[in-house]
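Biologist: Please take a close look at the aromatic rings of this protein and how they sit against one another. I would like one connected account, ending with how that part relates to the rest of the fold.

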Amino acid sequence: MQVIKRLPIHLSNQIAAGEVVQRPASVVKELLENSIDAGSTEIVVSIKDGGRTLISISDNGTGMNEQDALVCFERYATSKLSSIDDLFQLRTMGFRGEALASIAAVSQVDLKTRIQGAATGIHVRFEGGNLISQEELICAKGTLMEVKNLFFNIPARRNFLKSDSIEFNHIEDAFLCVALAHPEVSLVLHNNNQPVYNLDASNFKRRISEILGKGGADKIFPISSDTDIVSIHGFLGKPETAKKTRGNQFFFANRRFFKNSYLNHAVQRAFENLIPDKTHPVYFIFFDIKPEKMDVNIHPTKTEIKFEEERSIYSLLLSTIRQSLGKYNLMPSLDFELETAFDLPSSFRQHPVQEPTILVDPSFNPFNSEKKSREKTFSPAIKKEGFGSGVPNTSDWKEFYQVTEEPVTSNPIPELNTHVATEFIGSGKYLLAKISSGLLLIDTKRALERILYDESIEAFVKHPLNSQMLLFPIEKSLEKHELRLIQPHTALLEQFGFKFEIQDTLLTISGAPEILHDEGILTCFEAFMNRLEMEDQQQQDLAHILLADMAKTSAKYYQIGNKSEMQQLVDQLFRCSDHHLSPSHEKIISIVRNEDLTQFLK
Ligand code: ADP
Ligand code: MG
């Protein structure tokens with residue numbers, strides 16, 4: 001009996017499609033590349049519901065004749081590759097002839113297209129890879145592809161898609177990769193009928209500036225170098241534009257977007273000491289290189305590229321960027337104050353340095369503890385009182401009420417029951433007190449964080465937090481994706497006491513929560529956006545995160561001076577829901593036990 005069977009063609013296409021079409025953004029990438037390859041100068045992309053309902057791309061390129069309009073949906077149908085030598089000489093985008101077959105296998109596609117000189121065009125419709133209809137059509141020269149109900153026939157895949165805004169962010173990335181590489185093409189992107197980008201045909205610099213938003217042109221500087229191996233040109237963000245998240249980092253090789261962590265390291269290194277730790281420079285760098293000198297992984301969804309002479313390219317890139325940083329005066333002068341701070345007075349220099357006889361572990365930090373991961377330390381007040389009026393989607397909060405109340409832990413430090421009598425001394429970061437079992441340490445900032453968090457959450461559950469109007473409103477220009485991230489949460493932010501408006505891409509904050517110190521307002525707002533950027537958060541988690549961030553930012557600006565303030569802090573701390581952990585799960589209190597203390601003096 002025969003056991004091995006050939007897969008029916010529609011099934012094998014579906015499986016192959018899984019590789020090419022991972023999410024709506026993959027469709028956008030493939031269709032855009034096809035439009036570019038067809039020599040289009042104007043392309044319009046319209047998206048509905050994160051691409052799950054509709055991805056429509058129209059272009060004014062060559063179009064297809066009747067026969068091609070049908071054949072293009074077959075696997076390995078391509079007009080771009082006819083010999084194996086071509087594979088190494090490729091300068092077009094697509095070449096495997098797989099994209100359209102894959103897309104058609106997992107969606108409902110309408111293709112309307114007409115070539116130059118033909119009186120009429122053709123409209124073909126495919127569903128799940130099957131031809132449904134075919135008719136003549138009067139239409140403009142070029143191609144319109146409408147991909148509807150992606151993954152309609154693979155529910156598991158459809159359910160796997162993320163929220164519309166996250167899917168749209170991926171689409172935007174794909175769109176930008178093409179837009180940056182082809183500034184000579186005019187490109188429009190609509191999302192749910194709202195314009196997101198409307199980019200006129202221009203040059204690299206103007207396109208990049210336009211994408212960066214208001215004042216974009218002042219934020220970048222050019223690089224350029226030409227050698228036998230490779231020619232490099234592009235624009236980088238000035239050091240002050242470096243960001244905590246890795247947005248806006250683009251490498252292109254022969255106008256194809258790629259990722260390469262080795263070359264990314266070269267850029268990062270060029271900016272060494274110019275940008276704060278853990279921030280990432282913005283860059284748009286274009287390499288022109290002979291196609292046979294690089295290996296484009298021909299897997300359609302992979303974006304890695306390997307170069308034959310990667311090491312040389314690394315050093316070339318590094319030196320090109322450093323040169324430009326120097327040329328445009330973006331290098332700081334040496335920080336002499338910092339250097340001299342370590343100079344010893346001359347009288348000390350004559351003394352031989354004595355090795356200390358007491359060895360203390362310098363890395364010892366009594367507050368280091370494994371952070372309790374993702375464990376919720378919400379105030380029970382939220383459970384008791386519910387949220388104040390005016391909060392959107394009450395049902396969203398329901399789940400939140402179900403957070404189990406933290407058991408009230410019995411106080412493990414008996415002496416603290418009489419803490420009022422305990423004398424605390426301040427030592428900057430910590431408050432110290434001698435207790436019978438040892439030395440008690442309280443991390444001042446973390447204690448403050450806990451107190452501020454509990455206070456504001458008590459208030460928040462009853463009514464919106466008090467807001468104070470700012471004498472000088474704070475302005476910040478937002479990027480498009482930041483705008484989209486923030487929009488669904490405006491009601492929540494208002495509930496917290498932020499008063500702001502957004503015009504175009506300009507955010508103006510005119511009021512802020514009373515508990516926030518002026519200087520922390522923007523930091524806190526930005527921290528919130530970073531959180532939104534990182535994951536799809538539930539509203540209730542966001543409330544906790546925002547409050548915790550606010551408490552952390554405010555705590556920085558408090559100064560604990562005299563004894564009565566210390567005492568007050570300690571009293572307030574012990575009235576909190578949890579005086580052991582800060583809202584961001586860091587240890588507030590620690591005891592160095594007598595036995596351990598004696599170790600230090602041995
Ligand atoms: P590939 O791009 O790898 O050739 P695709 O499946 O993406 O494979 O496309 C198949 C063929 O359909 C292309 O080679 C091209 O001839 C034709 N095609 C696709 N999109 C367009 C378009 N927008 N305009 C003109 N021709 C197109
Ligand atoms: Mg293609």
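Modeller: Y328 counts as partly exposed because its relative accessibility is 36%, a value between the 20% under which a residue is buried and the 50% over which a residue is exposed. F221, at 2%, falls under the 20% limit and therefore counts as buried. This is a predicted model, and every value here is computed from it.

These two residues belong to a wider set of ring contacts, with 18 aromatic pairs in the structure. One of them joins F204 and F286, whose ring centres are 4.5 Å apart and whose planes meet at 45°, a tilted arrangement. F204 lies in helix α8 (residues 204–212) and F286 in strand β13 (residues 283–288), so the pair links distant parts of the chain, 82 residues apart. Both F204 and F286 are buried. F221 and Y328 also form a tilted pair, with 6.3 Å from centre to centre and 45° between the planes. This pair, too, links distant parts of the chain: F221 is in strand β9 (residues 220–226), while Y328 is in the loop between α10 (310–327) and α11 (336–340), 107 residues away.

F204 and F286 also have further aromatic company, as members of one cluster with F250, F252, F257 and F284. Another kind of ring contact involves a charge: K480 lies over the face of Y197, 4.4 Å from the centre of the ring.

Now for the nonpolar interior. The largest nonpolar core has 61 residues, and L32, F73 and F175 touch the most other members. Helix α7 (residues 164–181) supplies the largest share of this core, 9 residues. Domain 1 (9–201) and domain 2 (207–327) each contribute at least three residues to the core. Setting aside neighbours within four places in sequence, L32 contacts I43, V45, I57, A174, F175, V178 and L187. A separate core of 51 residues includes I435, L452, Y453 and V570.

As for the whole protein, there are 21 helices and 22 strands. Of its 602 residues, 46% are buried. Among contacts between residues at least 6 apart in sequence, 69% join residues at least 24 apart. The protein exposes about 32,100 Å², and carbon and sulfur atoms supply 52% of that area.

Terms used
Residues are numbered from 1 along each chain as its sequence is written. Chains are lettered from A and ligands numbered from 1 in the order in which they are written. This is a predicted model: local features need pLDDT of at least 70, side-chain atom pairs count only at pLDDT 80 or more; totals for chains, interfaces and linings use all residues. Side-chain values use heavy atoms; hydrogens and water are left out. A nonpolar core is a set of buried Ala, Val, Leu, Ile, Met, Phe, Trp, Tyr and Cys residues joined through side-chain atoms within 4.5 Å. Buried means under 20% relative accessible area, exposed over 50%, partly exposed in between (1.4 Å probe, protein chains only). Helices (H or I, at least four residues) and strands (E, at least two) are DSSP runs, numbered from the N terminus. Domain bounds come from an automatic or database domain assignment. Contact means heavy atoms within 4.5 Å. Accessible areas come from the Shrake-Rupley method with a 1.4 Å probe; for residues, only the protein chains shown count as cover. Rings of Phe, Tyr and Trp (its six-membered ring) pair if their centres lie within 6.5 Å; planes under 30 degrees apart count as stacked, over 60 as edge-to-face and the rest as tilted. A charge sits over a ring if NZ of Lys or CZ of Arg is within 6 Å of the ring centre and within 35 degrees of the ring normal.
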